[in-house]
Amino acid sequence: MLFNDLFREAYRTVLVKGSDEPEYLPASGPEGLAQVTFAHGYYASALHEISHWCIAGEHRRTLHDYGYWYCPDGRTLQQQEAFEQVEVKPQAIEWLFSVAAGSRFHISVDNLSGVGAANEARFRHNVRSQAGEYLVRGLPRRAQAFFDALATFYGTGETLEERWLEDARRIAPSYSESGHSQEN
């Protein structure tokens, strides 16, 4: 409801519940609506797919799944490293959306039947750093609008900073360059 209220008219895009796999379907014509489809009705899937949409540029929003490659679960180490590089910004935005919505965020390396994470501690640190930078400098315009709508709707505005710090310690404690935790 919040996504559709914000973006249906201005961007001709709606959020819809899907089944197995999330995907982005561009509008089929000038009067059509693009669809951000999330998996199985999962709230976290919706927030994640919205985060991808919020950073996709105008041209990418004309392409199926924004024209990105996606290698499913079972990736090699090299494929996983590439996945982790491109997932930093979407997961950072999803994390902030979760905080604004008062829901629990889970970082995902999404490679359970493959080699696992290429470097999970580094990935967690990179996502935390990016989310922190967004908090200081602001989110991309569409992401900021949705973040603000979530915080208003869920009444989390006054506790955002406290919840963010608590969540950051839970998900990605600060790490030194050597990979050792710097928090107690």
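Trainee: Why is Arg61 called buried yet without a salt bridge?

Mentor: In this predicted model, local features need pLDDT (the predictor's confidence in each residue, from 0 to 100) of at least 70, side-chain atom pairs count only at pLDDT 80 or more, and totals for chains, interfaces and linings use all residues. Residues are numbered from 1 along each chain as its sequence is written, and side-chain values use heavy atoms, with hydrogens and water left out. A salt bridge needs a side-chain nitrogen of Lys or Arg within 4 Å of a carboxyl oxygen of Asp or Glu; the nearest side chain of opposite charge to Arg61, Glu58, is 5.4 Å away, so the pair does not qualify. Arg61 is buried, and buried means under 20% relative accessible area, exposed over 50%, and partly exposed in between (1.4 Å probe, protein chains only).

Trainee: What does the side chain of Arg61 reach?

Mentor: The side chain of Arg61 reaches the backbone oxygen of Ala56 at 2.8 Å.

Trainee: What makes Arg170 and Asp167 a salt bridge?

Mentor: Their closest N and O atoms are 2.7 Å apart, which therefore falls within the 4 Å limit.

Trainee: How do you know which of Arg170 and Asp167 is buried and which is partly exposed?

Mentor: Asp167, at 11% relative accessibility, counts as buried because that value is under 20%, whereas Arg170, at 33%, counts as partly exposed because that value lies between the two cut-offs.

Trainee: Why is Glu9, the salt-bridge partner of Arg12, called exposed?

Mentor: Glu9 has a relative accessible area of 59%, which is over 50%, so Glu9 is exposed.

Terms used: Lys and Arg count as positive and Asp and Glu as negative; His and the chain ends are not counted. A polar contact is a pair of N or O atoms within 3.5 Å; within protein, one must be able to donate a hydrogen and the other to accept it, and residues adjacent in sequence count only if both atoms are side-chain atoms.
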